[in-house]
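User: Could you walk me through this one? I'd like to start with charges and rings, then move on to the strands and helices.
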Amino acid sequence: MPDILDAVAAGVPDKPAVVQDDRSWTYAELNARANALASALLGLGLRAGDRAVWVGPNDEKVILWGHTTRKVGLVSVPLNYRFTPDEMTYVIRDSDSVLVYCHPDWEQTIRALDLPAVRHVISHDDAERLIKSHAGQAPEEPPEGLGSSMIYTSGTTGLPKGALRQSSDLNLIAAMIGELGLSSDDVHLTTGPLYHSGPAAFAGLNHLLGATTVVLDKFDPARWLDLVQRHRVSTTFSAPTQLKRLVSLPPELIARHDTSSLRVVIANAAPVPYSLKEQWVKLFGEGNLFEIYGSTELGVDTILRPDDQLRKPGSCGRPYGGIEIRLLREDGTEAQPGEPGEMWIRTTLAFDHYHKAPDKTEQTKLSVDPEWRSVGDIAYRDEEGYFFICDRKSDMVITGGMNVYPAEVEAVLHSHPDVMDAAVYGVPSEEWGEEVRAAVQPKPGAEVAPDELIALCRTKLAGYKVPRKLELRESLPRTESGKLLKRVLREEHRSEDR
């Protein structure tokens, strides 16, 4: 199989591949730049299998880097640019990376770190010089496939782990493209950060099809609207947090923008509250919202189509393309419809292993059949085969011997019109083992009392699920990809008790 970008550039050389601000690059230009930079890296002694970290906000040069690493055969390691120097050092050293590619604003920080294995630090400015000096050159035999990556999990339960993926099943990817209705005519907007697996994967799929990618460096809801209208954006990938910020804009501002080009808005990273779906459909129309369930480790596993969004409240959809899902009780027996169980998934999109963590890799495999993998999510299914995520196994609260799934309580809190964000978690209790707590972020300018929210929960939930204490906060701890960091909230509680 020829290199993906080589093939697309040969077919549509003059089509815009990447657009950022007032600049654009055709497929021919992007391919020539990636070939030149790949040749430069080979000249510096980089070889297939070497690990290379990249760090910085979304940028044309991040898209370029993805194609370059594939052409060389490097293992691309995205790094969250919001990390502290210590966190950056951990990922770069743990990944055994020999090169760091960075936005100029982070170059000084990277060069100040203690990184004995790193042989090269290349800024975006350095890359431009290398491209110029190697113009017209190209790797003789670029590796086949979609490229290798090692994405560090967001660390919602502890230190991040490097999930190594060395290949992908093109047939299953084609099935997903068909389910979502993606095409070469699309214009894709990078709503989320490209260091996260979801936004990066869908930006990559866009170029696999020969479509156009519009780069948004950092999410801003008003600017997002402007870009959708200006470029007639048709597809994007977003976390619920960003969708929430969009529907919270003044309705008159939304109405002034033409967003009718949106065909496929893919939501992922956390369950999408039903109330948010209702708001989205009201403000941005029916027929464009998809929800998927997936993970860095296991790829996209279920898809909920637009016509099911309001018909199946709380569902993340059904598996596609031959993916199989089992729900198992604690004793290993099959859970029945309506009964929660741990999700075990058999898919050809599964990652290879966690870097330097064979024990944690084994924990993802079903002992009686290692083809079945799990990342610890709890779900139930209905009679039609639709799945409903309850929560992470590690986030489940056991109070008085009863299981409470935080996502269920959070959905009730999200239904209040003045709630922007909500987190439900468990804390130790001498009487109950654990008790349910909640933290809520009100919408800007809104006033809501904790007692009012607790009363709302009492009308919707069994008594043992109702938070015993609820606090209001200006913001909640989330990763930039949208995942709640409940361990931070639990740690705060432990600190208060010391």
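Analyst: A charge sits over a ring if NZ of Lys or CZ of Arg is within 6 Å of the ring centre and within 35 degrees of the ring normal. Please keep in mind that this is a predicted model.

User: OK, so which ring does the charged end of R326 sit over?
Analyst: That is the ring of W372, and the charged end of R326 is 5.2 Å from the centre of that ring. In addition, K161 lies over the face of Y354, at 5.0 Å from the ring centre.

User: Is Y354 buried or exposed?
Analyst: Y354 has a relative accessible area of 6%, so this residue is buried, the limit being under 20%. Its ring also pairs with that of F351: the centres are 4.8 Å apart and the planes are at 55°, so the pair is tilted.

User: What about Y81 and W106, how are their rings arranged?
Analyst: Their centres lie 5.2 Å apart with the planes at 70°, so this is an edge-to-face pair. Y81 is in the loop between β4 and α4 and W106 is in helix α5, 25 residues apart, so the pair links distant parts of the chain. Both Y81 and W106 are buried, and ring pairs join these two with Y195 in a cluster.

User: Switching to the sheet, what's the strand order?
Analyst: The open sheet has seven strands in the order β6-β5-β3-β4-β7-β8-β18, with mixed pairing, and its edge strands are β6 (120-123) and β18 (353-354). β5 (residues 97-102) runs parallel to β6, joined by four bridges, and C102 stands opposite S123 in β6.

User: And which residues of α4 are buried?
Analyst: In helix α4 (residues 85-94), they are M88, T89, V91, I92 and D94, and what covers them includes β3, β4, β5, α5 and β7.

Technical notes:
Residues numbered from 1 in each chain as written. Predicted model: local features only at pLDDT ≥ 70, side-chain atom pairs only at ≥ 80, totals over all residues. Heavy atoms only, no water. Pairing = 2+ DSSP bridges. Helix = DSSP H or I, 4+ residues; strand = E, 2+ residues; numbered from the N terminus. Buried < 20%, exposed > 50% of the residue type's maximum accessible area, 1.4 Å probe, protein only. Contact = heavy atoms within 4.5 Å. Phe/Tyr/Trp six-rings, centres within 6.5 Å; stacked < 30°, edge-to-face > 60°.
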